[in-house]
Structure formats: structure tokens, C-alpha cells
Amino acid sequence: MTAAPIPEPGPEGTPQEDRGSVGRSELTERDRAVLAVEKRSWPGPGAKERVIRERLGISPTRYYQLLGALIDDPLALAHDPVTVNRLRRIRDARRASR
């Protein structure tokens, strides 16, 4: 299985992107790119963080903040239900173990 290409980063912090799915009918390019990164499997430590910095142009910390918001976004669920549901299961299991 080949990975989908990850789009180049777009502008960050625009009001539309910070509102969640309210008033939007589709995910932003950056949101789709974050989901594409999360969908891939990674060969070892550091590879994912390198891709996040190089291709998305954001820090891993910001990436995980965006990802946390995305897994609760109904547009993300509609775009990639397998990935979003997997991430929700992982999050719920971590919360339950605390």
C-alpha cells in the first residue's frame, strides 16, 4: 500500500481553521494532511516527527493539538472514518487506564 502524498502546508491560524467544523462544509488541506500523516505506519522513532516538521511545516506539539481537535470533528470522521475511529479508541483506552 502506498501512502497518499501529503500536501504542502497552508496558512496557519486563520479564523476558519480555528472554529472547528462550525460554518465549514469540508476539511482544510492542512486537516487532510494531518489525517494522511496519522494514517501511515512509521518505521521507527523520529520518522513521523521529521515528516511533520518538513512536510506540514509545524511542530509535533502543534500537530498533536490539531489531531486532538480533529478526532472530535464530524467532518474528519466523514473524511476518514477508519483513522478517526482508531484514534478515538486509542484515546478512550488511555483515558480509561488513568
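This is a short walk through how the helices of one chain meet each other.

Okay, thanks everyone. Before anything else, keep in mind that what you see is a predicted model. So what is in the chain? Let's start there.

Six helices and zero strands is what we have. If you read along the sequence, the pattern is simply α-α-α-α-α-α. The chain has 98 residues, and buried ones make up 34% of them. As for the surface, about 6,300 Å² is exposed, and carbon and sulfur atoms supply 53% of that. One more overall number: take the contacts with a separation of 6 or more, and 54% of them come from residues 24 or more positions apart.

Now to the helix pairs. I'll begin with α2, which is residues 29–39, and α3, residues 47–56. Their axes come within 11 Å and cross at roughly 155 degrees. Anything over 145 counts as roughly antiparallel, and that makes α2 roughly antiparallel to α3. The crossing of α2 and α3 is right-handed, for those who like to keep track. Which residues make the contact? On the α2 side you have Ala33, Val34, Val37 and Glu38, and on the α3 side Lys48, Val51, Ile52 and Leu56. Sort the residues in this α2 and α3 contact by class and you get six nonpolar, no polar and two charged.

Next, stay with α3 and look at α4, residues 60–70. Here the axes come within 9 Å, and the crossing is at roughly 90 degrees. So α3 and α4 are roughly perpendicular to each other. From α3, the residues involved are Lys48, Glu49, Ile52, Arg53 and Leu56, and they meet Pro60, Tyr63 and Tyr64 of α4. By class, the contact of α3 with α4 has five nonpolar, no polar and three charged residues. If you're following on the screen, Lys48, Ile52 and Leu56 were in the α2 contact, and they turn up in the α4 contact too.

Back to α2, because it has another partner I want to show: α6, residues 81–96. The axes of α2 and α6 come within 10 Å and cross at roughly 70 degrees. That makes α2 roughly perpendicular to α6, and the crossing is left-handed. Who meets whom? Leu35, Glu38 and Lys39 in α2 meet Thr83, Val84, Arg86 and Leu87 in α6. This α2 and α6 contact divides into three nonpolar, one polar and three charged residues. Glu38 is worth pointing at: it is part of the α2 contact with α3, and it is part of the contact with α6 as well.

Last bit, two single residues. Is valine 82 buried or exposed? This valine lies in helix α6, and valine 82 is exposed, with a relative accessible area of 65%. Its C-alpha atom is 8.9 Å from that of lysine 39, although the two are 43 residues apart along the chain.

The other one is alanine 78, over in α5, residues 74–79. Alanine 78 is exposed too, with a relative accessible area of 63%. For this alanine, look across to glutamate 26: they are 52 residues apart along the chain, and their C-alpha atoms are separated by 9.4 Å.

That's my lot. Happy to rotate the model if anyone wants to look again.

Terms used. Residues numbered from 1 in each chain as written. Predicted model: local features only at pLDDT ≥ 70, side-chain atom pairs only at ≥ 80, totals over all residues. Heavy atoms only, no water. Axes fitted to C-alpha atoms, helices over the stretch in contact; angles between N-to-C directions. Helix = DSSP H or I, 4+ residues; strand = E, 2+ residues; numbered from the N terminus. Parallel < 35°, antiparallel > 145°, perpendicular 65-115°, else oblique. Left-handed = near helix turned anticlockwise from the far one by under 90°. Contact = heavy atoms within 4.5 Å. Nonpolar A, V, L, I, M, F, W, Y, C, P; charged D, E, K, R; others polar. Buried < 20%, exposed > 50% of the residue type's maximum accessible area, 1.4 Å probe, protein only. Areas by Shrake-Rupley, 256 points an atom, 1.4 Å probe, with all protein chains shown as cover.
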